Amino acid sequence: MKASGGDLPVIIGQEGPLNGQRFTLETSLTIGRDDGCDILVPDRQVSRYHARLSLMPEGVLLEDLGSKNGTFVRGQVITDPVYLQDGDDIQVALTQRFVFLSSDATVALDSAFTQVGKPALIRLERRSRRVWVGDQEIIPPLSASQFKLLEVLYSNEGQVVSRQALVDGVWGDDEAAGVSEEALDALIRRLRERLTALNPHHNFISTIRGHGLRLDNQPD
């Protein structure tokens, strides 16, 4: 039942063996490691029939099918069926992460041009979490934490963002206190590597010592 386009709900693999794959929900989708599942996750941590998505009049319902290692929504394990909200993070066991979108209709790219009227080097589509560098899409997609980091910098393009603001934006208030400097540095390094892999001639993320980081999205 994998498809693309249209106004139907969709889930997109963010991390795990299905990273970057899109699955459109027409009636229902079963997730598991059995060959009979609509979304096959080939990992022993995933139950044969792990979870099911159903399109209902009230919205999209996600239910765990008695899995051994659990199904999580927004970081919380679910015991009863739950209705999903646009942008919800879904985790199947410890193996596969998805993002849920209420519609896969085309969304205009954010900030396609800079303030001076030149095409931006990086284009970011928030709803589907897709990113382009020039005319090349980043494949496989950025991880959830990499995307959040880029989104914070992208929303403050050309401005210096403090390290604490970056930590808060990526990990949220509840987890930010436990995040080390090394963890943030590692995330910044990985994001730089993903961006420069498609354009090695531009320094996208500049470190302003003593202040923070800045996204430079204008062509040189």
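**Starting point: a loop residue**

Arg74 sits in the loop between β7 (71–73) and β8 (76–77). Helices (H or I, at least four residues) and strands (E, at least two) are DSSP runs, numbered from the N terminus. The model is predicted: local features need pLDDT of at least 70, side-chain atom pairs count only at pLDDT 80 or more, and totals for chains, interfaces and linings use all residues. Residues are numbered from 1 along each chain as its sequence is written, and side-chain values use heavy atoms, with hydrogens and water left out.

**Backbone exceptions**

Task: State phi of Arg74, and decide whether Arg74 is buried, partly exposed or exposed.

Solution. Start with the torsion. Phi of Arg74 is near 50°, a positive value in a residue other than glycine. Next, take the accessibility. Buried means under 20% relative accessible area, exposed over 50%, and partly exposed in between (1.4 Å probe, protein chains only). Arg74 has 48% relative accessibility, so it counts as partly exposed.

Task: Do the analysis for Ala93: where is its place, what is its phi, and is it buried or exposed?

Solution. Place Ala93 in the loop between β10 and β11 (96–101). Its phi is near 55°, again a positive value in a residue other than glycine. Now classify. Ala93 is buried, because its relative accessibility is 0%.

Task: Give the form of the peptide bond from Ile139 to Pro140, then place Pro140.

Solution. Read omega. It is near -5°, and the bond from Ile139 to Pro140 is cis. Then find the element. Pro140 belongs to the loop between β14 and α1.

**The chain and its sheets**

Task: How many helices and strands are in the protein chain, and what share of its residues is buried?

Solution. Count the elements: 3 helices and 17 strands. Then take burial: 43% of the 220 residues count as buried. For contact range, take contact as heavy atoms within 4.5 Å. Among contacts between residues at least 6 apart in sequence, 45% join residues at least 24 apart.

Task: What is the strand order of the open sheet of 6 strands, and which are its edge strands?

Solution. Two strands pair if DSSP finds at least two bridges between them. The order is β2-β1-β11-β10-β7-β8, with antiparallel pairing. The edges are β2 (22–24) and β8, each pairing on one side only. Now check one pair inside the sheet. β10 and β11 run antiparallel and share 4 bridges. Asp89 faces Val99 of β11 there.

Task: Trace the open sheet of 3 strands and find the helix that packs on it.

Solution. The order is β12-β13-β14, and the pairing is antiparallel. The edge strands are β12 (122–125) and β14 (136–137), each with pairing on one side only. β12 joins β13 (residues 130–133) through 4 bridges, running antiparallel. Arg123 stands opposite Trp132 of β13. Add the helix: α1 (residues 144–155) packs on the sheet and touches β12 and β13. The directions of α1 and β12 make about 115°. Here axes are lines fitted to C-alpha atoms, for helices over the stretch in contact, and angles run from 0 to 180 degrees between N-to-C directions.

Task: How are β5 and β6 joined, and how many bridges do they share?

Solution. The link is a hairpin through 2 residues. β5 and β6 (residues 59–64) run antiparallel with 6 bridges. Ser54 is opposite Leu61 in β6. Then turn to another partner of β5. β3 (residues 28–32) pairs with β5 (residues 51–56) in the antiparallel sense over 4 bridges. In this pairing, Leu29 has Leu53 as its bridge partner.

**A residue on the last helix**

Task: Where is Arg190, and how far apart are Arg190 and Gln146 in space?

Solution. Arg190 is in helix α3 (residues 181–196). Its relative accessible area is 37%, so Arg190 is partly exposed. Gln146 is 44 residues from Arg190 in sequence, and their C-alpha atoms are 7.7 Å apart.
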